[in-house]
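Colleague: Hi! I'm new to this one, so could you pull it up and walk me through a few spots?
Modeller: Happy to, here it comes.

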Amino acid sequence: MPDPVILWLRQDLRLSDQAALIGALMEGPVIPVYVLDDAAPKHWKIGAAQRWWLHYSLKSLDESLRAKGSRLILRRGDCAQELQLVAQETGSRRVHALSHYEPWWRNAERAVAKELDLQLHDGMLLLPPGCVQTSGGSPYQIYTPFARATMLHMPPHEPQPAPSHIDAPLKWPAGDSLDGWGLLPANPDWAAAFGKDWTPGEKGARQNVASFLDEVRDYDVARNLPSIEGTSRLSPHLHFGEVSPAYVWHRVSSASGDAMTFLKEMIWRDYAHTQIWALPTYGSQNARPDFDRMPWRDLREAKADFAAWKKGRTGYPIVDAGMRQLWTTGWMHNRVRMIAASFLIKHLLIDWRHGARWFWDTLVDANYANNSVNWQWVAGSGVDANLFTRIMAPLTQSPKFDAADYIRHWVPELGHLDDKAIHDPDSHHARPSAYPPKRIGHREARERALAAYRQSRN
Ligand code: FAD
């Protein structure tokens, strides 16, 4: 019997269209291993909402592996050390994995490659970073030319089916019990409602793709309306790699209606990963250094404002609805993410990094590339970004994108208000006492933000 081969799984928790699994299967019996390492990513360790997701995703993956004659080995600690121990226990030397692009994963790949024979495969993105480049041979910084260049390589490869059987090694290495990892919250169980919205795992991901196919034709308009479910809600499944981007691309392209707007959103995901690959500090440093001079408010002074934002009690209904949706379900509609992020940065003048951190802990789809690039896009500090001086007006955005029902659902104190008053109860003298007053008026906030920006330019 050939030596067993390790399959190192990270944010690629699937059996279909899994190039690393296919590579491993060609060489011998496979030992699928997931290592939980909370130390190496430092302050980017997996956030609280994602730990809930991870628990169920690993459980689902183990069940799928067992149905094919295999199982998932769980280890905790430094990836390179743990994989080396597994290799010693089982007599394997070779490791197959999909390339990941977060800085801590790239470090881990280098460390593993020093000790073992690491074979990396593509499959996290439509195209690996660096595949499309400017005529000067550097990665694109601006999304639109990046998307145009990516489209020339599309469609991606045909997705590969899951294998029917996975050969097991003669001896399994030791592994942790999933329940012992304590990934689920307790006392209080703030994720109690997550299960109503989400089914982590490959099966849930594929069901999500299938149910979205009927909505593709309306996506162009519906994606901007938070009151209806006009988007795919695939982000956590894509983050954990429960479904491959190539699979999503092919399925959605075959649906009736024009899928182009959706496919371009998928390219945003590739774009964001290309940015963190080129600039690994994207999550913690302004991509435009001139933003280092921005006079953000000290968080001690802005403490009450920051707490009101986190709790959905800013007095701006659309912002509050979004922040409460986030807390309750671990997800927020994209249009509302932009409004809520802009409100924190520009209305409250709080450094985007504090907001990005809160999202990191509370989103089930928290993704280093997508989160960092989008926060910096809103702030204006990204390599491709909205202008800081373009300040979103939440009270205008709310009726423009027809958010009345969305607010009714997430801010029940305002549930009795009609479609006119609900976007801005104060201006209709309709604010119930249970709903907080605005933390700051729009005009005042706008002037303060612009003054701060001018100061940073002097
Ligand atoms: P759909 O509209 O159905 O899009 C399909 C897929 O395309 C998404 O699942 C996602 O993988 C990708 N996508 C869509 N929009 C974007 C985008 N703007 N940037 C990158 N990829 C995109 N997305 C995350 O996956 N993780 C994050 O941590 C994250 N943080 C964000 C923070 C802010 C401040 C903002 C404004 C956006 C953030 N996004 C993030 C992007 C976007 O909001 C989500 O990807 C989207 O809301 C997920 O819902 P969906 O799957 O229904 O999207």
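Colleague: Let's start with Met-154. Is that residue buried or exposed?
Modeller: Met-154 counts as buried, because its relative accessibility is 13% and the cut-off for buried is under 20%. Do keep in mind that this is a predicted model.

Colleague: Thanks! Where does Met-154 sit in the chain?
Modeller: You'll find Met-154 in the loop between helix H5 (143–151) and helix H6 (194–197).

Colleague: And which residues is Met-154 in contact with, leaving aside neighbours within four places in sequence?
Modeller: Those are Leu-126, Leu-127 and Trp-249.

Colleague: What about Ala-434, how far is its C-alpha atom from that of Met-154?
Modeller: The two C-alpha atoms are separated by 52 Å, and the residues lie 280 apart along the chain.

Colleague: New topic: helices. How do H15 and H16 cross?
Modeller: Two packed helices are described by the angle between their axes and the distance between the axes. For helix H15 (residues 352–362) and helix H16 (residues 368–379), the angle is roughly 145° and the axes come within 10 Å. The crossing of H15 with H16 is right-handed.

Colleague: Which residues meet there?
Modeller: From H15 there are Trp-352, Gly-355, Ala-356, Phe-359 and Trp-360, and they meet Tyr-368, Asn-371, Trp-375, Gln-376 and Ala-379 of H16. By class, that contact has seven nonpolar and three polar residues, with no charged ones.

Colleague: How does H12 pack with H15?
Modeller: Helix H12 (residues 303–311) packs with H15 at about 35°, and their axes are 12 Å apart. H12 also passes H15 in a right-handed crossing. On the H12 side, Phe-306, Trp-309 and Lys-310 meet His-354, Gly-355, Trp-358 and Phe-359 of H15. The classes in this contact are four nonpolar, two polar and one charged.

Colleague: Last thing, empty space. How many cavities of 30 Å³ or more are there?
Modeller: The count comes to five. The largest cavity has a volume of about 180 Å³.

Colleague: Which residues are closest to the centre of that largest cavity?
Modeller: Of the 19 residues lining the largest cavity, Gln-11, Tyr-34, Ile-46, Trp-104 and Trp-105 are the closest to its centre. By class, the lining has twelve nonpolar, three polar and four charged residues.

Colleague: And which elements each supply at least two residues of that lining?
Modeller: Strand E2 (30–36), helix H2 (48–67) and helix H4 (103–115) do. The largest share, three residues, comes from E2.

Conventions: Residues are numbered from 1 along each chain as its sequence is written. This is a predicted model: local features need pLDDT of at least 70, side-chain atom pairs count only at pLDDT 80 or more; totals for chains, interfaces and linings use all residues. Side-chain values use heavy atoms; hydrogens and water are left out. On a 1 Å grid over the protein atoms alone, a cavity is a set of points where a 1.4 Å probe fits but cannot get out, and a pocket is an open set with protein on both sides within 12 Å along at least five of seven lines; lining residues have an atom within 4 Å of a point. Grid points are joined across faces, edges and corners, and a volume is the space filled by probe spheres set on the points. Helices (H or I, at least four residues) and strands (E, at least two) are DSSP runs, numbered from the N terminus. Ala, Val, Leu, Ile, Met, Phe, Trp, Tyr, Cys and Pro count as nonpolar, Asp, Glu, Lys and Arg as charged, and the others, Gly among them, as polar. Axes are lines fitted to C-alpha atoms, for helices over the stretch in contact, and angles run from 0 to 180 degrees between N-to-C directions. A crossing is left-handed if the near helix is turned anticlockwise from the far one by less than a right angle, and right-handed if clockwise. Contact means heavy atoms within 4.5 Å. Buried means under 20% relative accessible area, exposed over 50%, partly exposed in between (1.4 Å probe, protein chains only).
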